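Trainee: Could you take me through the empty space inside this protein, and then show me what surrounds it? I'd like a close look at the largest cavity to begin with.

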Amino acid sequence: MHFHLHLQILLSCLLSCSYGTTTITNTTITIPTVNYFHLLNYSGPDHMPHLNVSQVNFQDITNVTHSAVVMENKYLKVVLLPAMGRVYRIVDLVTGHDILWKNAIASPNGANNDLGWWLWIGGIEYTLPGQEHGFTWALDWQWKISSGIHGTKNCHGHAATCVITSITEPTTGIVETLTFSLGNTAISLTTDVELENPSNTTAMYAHWTNVPFVPGPTNMLPDSTEFIIPTTSIHIDPRWVNNLGNGTQVWTTSPLRFIKNWVNGTLMGDLTTNGLENGYFGVYSHEDQEGAARIFETMQTPGCDTWSYGFHPPSCFPQNTNISNCRYAEMWGGTVTHLEKLRPLQPKKRIHWTEQVQPYRGTRGICFANKYVIANVWRDINGGGNDSAGATVALSFNVELLDTKILIGARGLLRELGDVSPRNVVYVTDTMVVKGSHIWIWNSLNVLVATFAVKI
């Protein structure tokens, strides 16, 4: 009886499910794609698909229909390609803007991995077992919509319903499971990542989440884009030193914080960090006052590798004119700090972490972020530029909170912010906001949802 009831609910979700204010719709989408399929051979590792890109006719375009799941509430719209283990689109419904780059025509091209290629399609990919882009993007994932009939356990407690995708990476045997959920009142896509080694031998691996950010209305990086990375220094690999400058740079003063300084349209490359001070990174367009961020757990995913083709690049690859534009940034979050490194997953062990990706607005950047709020603090020059002038605290809430309160500094007054929403940014200006001040934020149940120290 219980099995048949569960099956009935799953079948009813084949068209559309609605729980509260979040809807989940099972559908299809068509994506124009360079026709490379007849050229695939299965000579890659463990018979995975290999491609000789030199044989591709990039003018041969075909329409490919993909299974898609659309998750939507009043703040966010997410389009998943679950059979690819991919987040294709995230749309900020407050502005109507996508925050993820996507290619107008999906196209293969070369990559430094044992498959010999990668698919320029766009969106977020979750990759194993290492190398450049790994292999899992090229494989068929199993997936389902979980109805929540067993409560929220299958969705890790984030929502009553979710989309679960899984893949077994052939060369390591690691089973990767992604659980995507969108809360009824949240503006962030939550992804629970689980890696399990079911074998009797240790698996060496690296998992990377690749997020191609493009905040604003144009599907490309605005000229004023700032890379938001909470680190003290960045490292440039020797092969990119001629493009991007000295091998180690202090991040607060590095010109690479802004995309306009990746100049000439040819200065591609990437930067890495040796450690993150906090669990977030992202981008912010100062001209559009829009940003996008990944918020995550640094214990399991300490790595950050930021790749770009540079400022106003003329093309990604001259032979492939189907790549609509190259003005985007891939921000990679990894279980290791550099692409060449691996880490062990012991026999019969599993690891798990949660990450979220979301838009934010009106904060001029980020000095603190968690699953509840993105915050920044600044002092305007025309405000006097000294501590006595006070400073502005900007709070962009990731989820609706009722009867919210904020306290600034040990002697500050507890202020009532009231009900807060991801739709609006809350600004608080106070002379108590000085370097070293602590800020505390509580919800209606007097639960502390955020606390951080001011660094300006």
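**Inside the largest cavity**

Mentor: Let's start with the wall: β8 gives the most to the lining of the largest cavity, with three residues. Keep in mind that this is a predicted model. Strand β8 covers 118–122, and β15, at 208–213, is the other element that gives two or more residues to that lining. If you want to click through the residues, the lining consists of Arg-86, Trp-101, Trp-118, Ile-121, Gly-122, Gly-123, Asn-210, Pro-212, Tyr-328 and Glu-330. Sorted by class, that makes five nonpolar, three polar and two charged residues. The volume of this cavity is about 40 Å³, and the structure has three cavities of 30 Å³ or more. As a bit of background, rolling a probe the size of a water molecule over the atoms shows where empty space is left.

Now for the open space. The largest pocket holds about 590 Å³. Its lining takes in 22 residues, and those nearest the centre are Glu-226, Arg-257, Ile-366, Cys-367 and Asn-376. Two strands, β16 (225–228) and β27 (373–378), each supply at least two residues of the pocket lining. By class, you'll find 12 nonpolar, five polar and five charged residues around the pocket.

Follow β27 out of the pocket and you get to a sheet. This is an open sheet of four strands, in the order β26-β27-β28-β31, and the pairing is antiparallel. At the edges sit β26 and β31 (425–430), each pairing on one side only. Further in, β27 pairs with β28 (residues 391–397) in the antiparallel sense over six bridges. Val-377 faces a partner there, standing opposite Val-393 in β28. In general, strands of a sheet pair through backbone hydrogen bonds, either parallel or antiparallel.

What about the packed parts? The largest nonpolar core has 91 residues, and Met-71, Val-87, Ile-90, Trp-117, Phe-180, Leu-195 and Phe-227 touch the most other members. Strand β4 (residues 76–81) provides the largest share of this core, five residues. A separate core of 24 residues includes Ala-391, Leu-395, Ile-408 and Val-449. Leu-195 is a nice one to zoom in on: leaving aside residues up to four places away in sequence, its contacts include Leu-128, Ile-174, Val-175, Tyr-205, His-207 and Trp-353.

Leu-128 takes us to some backbone oddities. A cis peptide bond, with omega about 5°, joins Leu-128 and Pro-129. Pro-129 is in the loop between β9 (124–127) and β10 (142–146). The loop between β9 and β10 also holds Gln-131, a residue other than glycine whose phi is positive, near 60°. Gln-131 is partly exposed, at a relative accessible area of 32%. Arg-364 isn't a glycine either, yet has a positive phi of about 65°. Look for Arg-364 in the loop between β25 (350–361) and β26 (368–369); with 36% relative accessibility, Arg-364 counts as partly exposed too. These spots catch the eye because most residues other than glycine have a negative phi, and most peptide bonds are trans.

Technical notes:
Residues are numbered from 1 along each chain as its sequence is written. This is a predicted model: local features need pLDDT of at least 70, side-chain atom pairs count only at pLDDT 80 or more; totals for chains, interfaces and linings use all residues. Side-chain values use heavy atoms; hydrogens and water are left out. On a 1 Å grid over the protein atoms alone, a cavity is a set of points where a 1.4 Å probe fits but cannot get out, and a pocket is an open set with protein on both sides within 12 Å along at least five of seven lines; lining residues have an atom within 4 Å of a point. Grid points are joined across faces, edges and corners, and a volume is the space filled by probe spheres set on the points. Ala, Val, Leu, Ile, Met, Phe, Trp, Tyr, Cys and Pro count as nonpolar, Asp, Glu, Lys and Arg as charged, and the others, Gly among them, as polar. Buried means under 20% relative accessible area, exposed over 50%, partly exposed in between (1.4 Å probe, protein chains only). A nonpolar core is a set of buried Ala, Val, Leu, Ile, Met, Phe, Trp, Tyr and Cys residues joined through side-chain atoms within 4.5 Å. Contact means heavy atoms within 4.5 Å. Two strands pair if DSSP finds at least two bridges between them.
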